[in-house]
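Subject: Structure handover

Hello,

Here is the structure I promised you. My notes follow beneath it.

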Amino acid sequence: MECRVSPRRLFQPLLACLMIGGASLPGLAAAQEKTPDSMADRVLACAACHGVQGEGNSRNPYFPRLGGQPADYLSNQLRAFRDDHRKYGPMNYLTTYLSDGYLHEIATYFSKLRPTLPAPAAPTAAPATLEAGRKLVMEGDAARKVPACVACHGEKLTGREPGIPGLLGFSKEYVSAQLGAFRAGVRHGTAPDCMQQVATRLSDADIAAVSAWLAAQPAPQDLAPTAAGTTQLPLVCGSQQR
């Protein structure tokens, strides 16, 4: 028997589909009626990579934390995967048939989670590298028109509503890869793409320093993003425009 999964249930685990594949039609209908269908159930397929609470995957640094990130930011990323603006096969496939509205429902679910994050690993970068990273994150570099990360991502680096992500709780490999992708034009934000503008002004050494310093910082207990409109941003960012 062919087992079909509707687009709205693409994020449900496939186990139920496999278990009922040999059932009779009445049995199939009864099994479907009993299948849990909350958003928490639907996104369990995400847990293998991103954790049940969206805390990320300590075994693979490239599966990032989702829990606590602003909903519009997560929604923008899901749409980017669906529309092939970001390239990663499993994510491109899972989002292919999902509408903007349903992707935002998924994003809103993860945005409300507050996972407990593990303490960061001890940094291996040289003290001078870590200090260079701290200065860029906290102070920026006015001579190169590089704003401080905290100016956009919040004083606690937990992000800013509605669409700027938090920067803590990630590995240095993941942060470095994303900055490099923005700089190379492989990853794009909503126009005007302020992250692409900033990343093109960073050297390899800058990216390494910022990534190492951010990865060494413990995440605060409260991962809630900074409210929108609390301060004026140094750049016009499409992710903040509704």
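How are α5 and α7 oriented to each other? They are oblique (angles under 35 degrees count as roughly parallel, over 145 as roughly antiparallel, 65 to 115 as roughly perpendicular and the rest as oblique).

First, the ground rules. This is a predicted model: local features need pLDDT of at least 70, side-chain atom pairs count only at pLDDT 80 or more, and totals for chains, interfaces and linings use all residues. Numbering starts from 1 along each chain as its sequence is written, and side-chain values use heavy atoms, without hydrogens or water.

**Helix pair.** Residues 71–82 form α5, and residues 100–111 form α7. They pack at about 135 degrees, axes 8 Å apart. The contact (heavy atoms within 4.5 Å) includes L74 and L78 of α5, and L103 and A107 of α7.

**Cores.** The largest nonpolar core (buried Ala, Val, Leu, Ile, Met, Phe, Trp, Tyr and Cys joined through side-chain atoms within 4.5 Å) has 24 residues. V137, L157, L179, V210, W213 and L214 touch the most other members. Helix α12 gives the most, with five residues. W213 touches L130, G133, R134, V137, M138 and L157, leaving out residues up to four places away in sequence. A second, separate core of 16 residues includes V43, M91, L98 and A107.

**D206.** This residue lies in α12. D206 is buried (under 20% relative accessible area, 1.4 Å probe, protein chains only), at 11%. Beyond its neighbours within four places in sequence, D206 is in contact with L136, R144 and R201.

Best wishes

Methods: Buried < 20%, exposed > 50% of the residue type's maximum accessible area, 1.4 Å probe, protein only. Helix = DSSP H or I, 4+ residues; strand = E, 2+ residues; numbered from the N terminus. Axes fitted to C-alpha atoms, helices over the stretch in contact; angles between N-to-C directions.
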